[in-house]
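Student: I would like a close look at one sheet in this model. Please walk me through its strands, then place it in the chain as a whole.

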Amino acid sequence: LAVPLTNVNWQSELNKAAHHTSDYSSTEAILRRGQPFTITLHLQTMVCHSELLSLFPLAGPSPAESQRTKAVFNLSEEGASGWSATQEPSEPGCMNFTIFSPANAVIGRYKLKLQIVSGNKVSSTLLGQFVLLFNPWCPNDDVYMANEKERQEYVLNDSGIIFQGLEKYIQQEAWNYGQFEEDILDISLAILDRSLNHRQDPAADVSNRNNPIYVSRVISAMVNSNDEKGVVEGKWNGKYCSGTNPLQWSGSVTILRKWYRGRYKPVRYGQCWVFAGVMCTVLRSLGIPTRVITNFNSAHDRNINLSIDKYVDISGKTLHLTEDSVWNFHVWNESWFIRRDLGSFYDGWQVLDATPQERSKGIYQCGPASTRAIKEGHVNLDYDSSFLFAAVNADYVTWIHYSNKRKERIYSDTRKIGKFISTKAVGTNSRVDITANYKYPEGSLKERQVYKKALKLLAVRSTWKRTKITRRRRRSSVAWRQNMTQPAQKPSISGKLILDASPVIGQDILLTLALRNLTSDFNNIKVKLRASAILYTRKPKAEILQLSRSVKLGSEEVKEISFKISYSQYKNSLVDDRKILVTAVCETKQGASLLVEKDIVLQDPFLTIKVLGPTVVHKAVDVQVTFTNPLSEVVTGCVLRAEGSGLIKDQLRINVARMAPMESSTVQFEIIPYKSGTRQLQVDLVCIHFSDIKGFVMLDVTPA
């Protein structure tokens, strides 16, 4: 018995439109689970009514009904697996089928077989392949998201904004997710197939791919390369000669293709926003609603005791006496799905972090942790909620460490950590503050109760527990010495560092230290100033400046000390992050110590992008980019790069001519948009003389 099949029509356009998969750059059938799709069989001869037709969707290397990776069902009968098919009216010589997949089906690539039984004769044929994805439009899917505008943003938007900088100087960085670009879905499925879980037990791994909890956790491990030869290799120190500086990436597409085409060799190098950007691409491509989150003043609490200790010497130099740290910002992801393992209270946004910081169950992976669990202090719940609770809630304790190994606790800040937790708004590039999703208002009774609950669950016994809501706090990063066994002394001086203007790279930095005598007594103060180039992790990389001053303050007198960090002083020390930490340790004869800190980010020079005409699909349009050399020296060897999903298929690179000091330069290039809708065009000036100058513009591309 032969199947009289001549052709299979997968009704690609019809199915893709219905399943919200039209944007994928693939001729393959890409479908979402829990939703019917249609196929048409063209036959040489019609199948008799007495013949029994069965369909077999098969997933993974060893399909089995017991693993939910194989389904067997007869026409017009629902199979035990939840798959079913019905025959629809059709033209002569054709058979139209509507096939229903269950909302909890395994996601991934399937083969579809047709079997015909006529009497004692059995024949089967392969109809083809299709890819099945998670379905945020299906109410019965674990990733169901009710709001259409949110689905458009968190599933279908292929570009976005990642926030960086400082809590008081938040910057926008454009990122090209490109989840619908050519090969990206195949690469996302390959990431799952390269995981440690899959290599250890392929059948069990594929069987678990019906669960977004499982899939997202595997992806969080595979986006970094620490355990499983994953996609991106992290690096936070030294030079990047053997790879790409993390600041030079503008999107995920180039990274994912480089990993795939390089036979799964980890791509060098990434830092937190790179890991988060890549993970967002992969999870959106698989159909899981995902967004990128930035936490300012993010704690890395190695021992999970909810306290971050910072040590400085009497000159203000940071000492590495602990593995704890506070990053200026840290970027992670949130994905949207229900938590059948925890209960409905914990449904919704789940935190995932692919940056390799700590091992979880032996592997560098983090999450999913429910934001509800983090907010309520339920730090005992899966996965990694204690680590993430500390990232937004830990105390920040500063100590002065003297040469005789004596240390003094000079300040404890209960509000520094976890500030301005941010994500891109739905439908616009503006910033939305979602701190309230992670914690109750700082200093509130509820926040205190949650913190104590977390300490209890973690069995942390600490002398420095936050026990009073009314603990005295001081402005301007002022830290006053406190005796460990007695109440803090009444402060005698206060101070703050003032930046005279927001400096652009290449310019001198002008600062003022303002000191105030808070008493009616005469005060003689020794001031030690230090400036260091730091990474965004606040790890010092190079000393720039050290100064000592003596200041005499009369009764309640205010004095200002002005000083300058010249370009010649910082140009050879500044790292690519363009960040400088200035500290001032002020000591009085009475024994009180004051520590004042100021983080400085040097701004990028101005860059403008002009699109010289309307943007229409398949029609060329010129783009003009103008920028200025910010330095008082000649700049050579610069490259302008451009990319954007739907606008440029492969990253564009243009060599830039020699630029004299403070000279402006214009580069013009052509783009031919290939997708309509709102598109993000990014440009990036890469130069060895200064860190990248980036810019972006949003374009509305009309259909041809």
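Tutor: What follows starts with the sheet and then widens to the chain. Keep in mind that this is a predicted model.

The sheet is open and has five strands. Read across it and the order is β2-β9-β8-β4-β5. The pairing is mixed. Two strands form the edges: β2, residues 29-32, and β5, residues 73-74. Each of these edge strands pairs on one side only.

Now go to the β5 edge. Strand β4 covers residues 52-59. The pairing of β4 with β5 is antiparallel and runs over two bridges. To find the register, look at Ser54: it stands opposite Asn74 in β5.

Step back to the whole chain. It holds 12 helices and 38 strands. Its radius of gyration is 30 Å, and the globule rule gives 27 Å for 704 residues. Those values are close, so the chain is as compact as a globular protein of that length. Along the principal axes, the C-alpha atoms fill a box of roughly 110 × 60 × 40 Å.

Next, the packing. Buried residues account for 56% of the 704. Take the contacts between residues at least 6 apart in sequence: 68% of them join residues at least 24 apart.

Last, the surface and the charges. The chain exposes about 29300 Å², with 47% of that supplied by carbon and sulfur atoms. There are 88 positive and 68 negative side chains. The centres of these two sets lie 8 Å apart.

Methods
Residues are numbered from 1 along each chain as its sequence is written. This is a predicted model: local features need pLDDT of at least 70, side-chain atom pairs count only at pLDDT 80 or more; totals for chains, interfaces and linings use all residues. Side-chain values use heavy atoms; hydrogens and water are left out. Two strands pair if DSSP finds at least two bridges between them. Helices (H or I, at least four residues) and strands (E, at least two) are DSSP runs, numbered from the N terminus. The radius of gyration is taken over C-alpha atoms; the globule rule is 2.2 Å times the number of residues to the power 0.38. Buried means under 20% relative accessible area, exposed over 50%, partly exposed in between (1.4 Å probe, protein chains only). Contact means heavy atoms within 4.5 Å. Accessible areas come from the Shrake-Rupley method with a 1.4 Å probe; for residues, only the protein chains shown count as cover. Lys and Arg count as positive and Asp and Glu as negative; His and the chain ends are not counted. The place of a charge is taken as NZ of Lys, CZ of Arg, CG of Asp or CD of Glu.
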